[in-house]
Structures are given as structure tokens and as C-alpha cells.
Amino acid sequence: MQSNKNDDIFNNYMNYRNKETLKHDFLELNNRGENFSVPIEIIVEFYSGALSSLSAWWVQNGRKVPAKQMDQYFHEMINKEFFTSSK
């Protein structure tokens, strides 16, 4: 990521992949019976934007925070209800 941080093609591809992964995950949750009050497309945009911003911040700040810690911070900041089954 560090060497490609100014590469628009790489960044667009990573954004696309993030969105596709999130979309797949939320559709899977929906297929398992989870209902969301917000359309999945909007949820995906929100989360992919957060992931992109956090990833950019992480790279620009020299990856001083370990990746696992960044992942933990992300999960602490999001609505855990989307990722835990109530079933």
C-alpha cells in the first residue's frame, strides 16, 4: 500500500474490492435473516468510506499502529449489531 498510495488505479481497485467484499458480507447477513433499516448499498458506501479513510490515515502516518490494532479500533467504532447475529 505504501508504494501505491498515489496510484489512482490501485486506489480505485482497492476501493472497488472493499465495496464488493462488504456488499457480499451484508447480503450474506441479509440472506441469514438479518434485516437492516438502511439499504445495503448505503451501508456499503458508509463502511467502505470509513475503511478507505482509515487505511489512508494509517499509511500516511507510517503504519505506526499495528494492523490488528487498527482492525480492532475499526470494530470498536462501528455498530456491532451489524456484525453479530440476533438469531
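A salt bridge, for the purposes of this talk, is a side-chain nitrogen of Lys or Arg within 4 Å of a carboxyl oxygen of Asp or Glu. With that in hand, let me turn to the structure, which is a predicted model.

The structure holds 2 salt bridges. In one of them, the side chains of E45 and K19 meet with an N to O distance of 2.9 Å. E45 belongs to helix α2 and K19 to helix α1, so this pair ties together parts that lie 26 residues apart in sequence. As for their surroundings, E45 is partly exposed, at a relative accessible area of 45%, and K19 is also partly exposed, at 22%.

A salt bridge is also formed by E28 with R32, where the closest N and O atoms are 3.3 Å apart. Here E28 counts as partly exposed at 33% relative accessibility, whereas R32, at 59%, counts as exposed.

I now come to the interior. Which residues make up the largest nonpolar core? There are 10 in all: L22, F26, L29, F36, I40, I43, V44, Y47, F74 and I78. Helices α1, residues 8-31, and α2, residues 40-60, each supply at least two residues of this core. The largest share, 4 residues, comes from α2.

Two members of the core deserve a closer look. L22 touches V44, Y47, S48 and L51, if one leaves aside residues up to four places away in sequence. I43 has its place in helix α2 and counts as buried, at 3% relative accessibility. Between I43 and L22 there are 8.8 Å in space, C-alpha to C-alpha, although the two are 21 residues apart in sequence.

Let me next consider α2 as a whole. How far apart are its end C-alpha atoms, and does that distance agree or disagree with the expected span? The 21 residues of α2, at 1.5 Å a residue, should span 30 Å, and the end C-alpha atoms are indeed 30 Å apart, so the two values agree.

The buried residues of this helix are I40, I43, V44, Y47, S48, W58 and V59. Viewed down the axis of α2, these buried residues fall within an arc of 120°, and therefore they line one face of the helix. They pack against α1 and against α3, which comprises residues 67-77. On the face of α2 turned away from the buried side, one finds the exposed residues F46 and Q60.

Finally, I would draw attention to the backbone beyond this helix. α2 is followed by G62, whose phi is positive, near 70°. R63 likewise has a positive phi, of about 50°, although R63 is not a glycine. R63 lies in the loop between α2 and α3, and its relative accessible area of 45% makes it partly exposed.

To draw the strands together: α2 provides the largest share of the largest nonpolar core, its buried residues line one face and so give the helix a buried side, and that buried side packs against α1 and α3. The E45 and K19 salt bridge also joins α2 to α1, because E45 lies in the former and K19 in the latter. I thank you for your attention.

Key
Residues numbered from 1 in each chain as written. Predicted model: local features only at pLDDT ≥ 70, side-chain atom pairs only at ≥ 80, totals over all residues. Heavy atoms only, no water. Core = buried A, V, L, I, M, F, W, Y, C linked by side-chain atoms within 4.5 Å. Buried < 20%, exposed > 50% of the residue type's maximum accessible area, 1.4 Å probe, protein only. Contact = heavy atoms within 4.5 Å. Expected span 1.5 Å × (residues − 1). Arc of directions from axis to C-beta.
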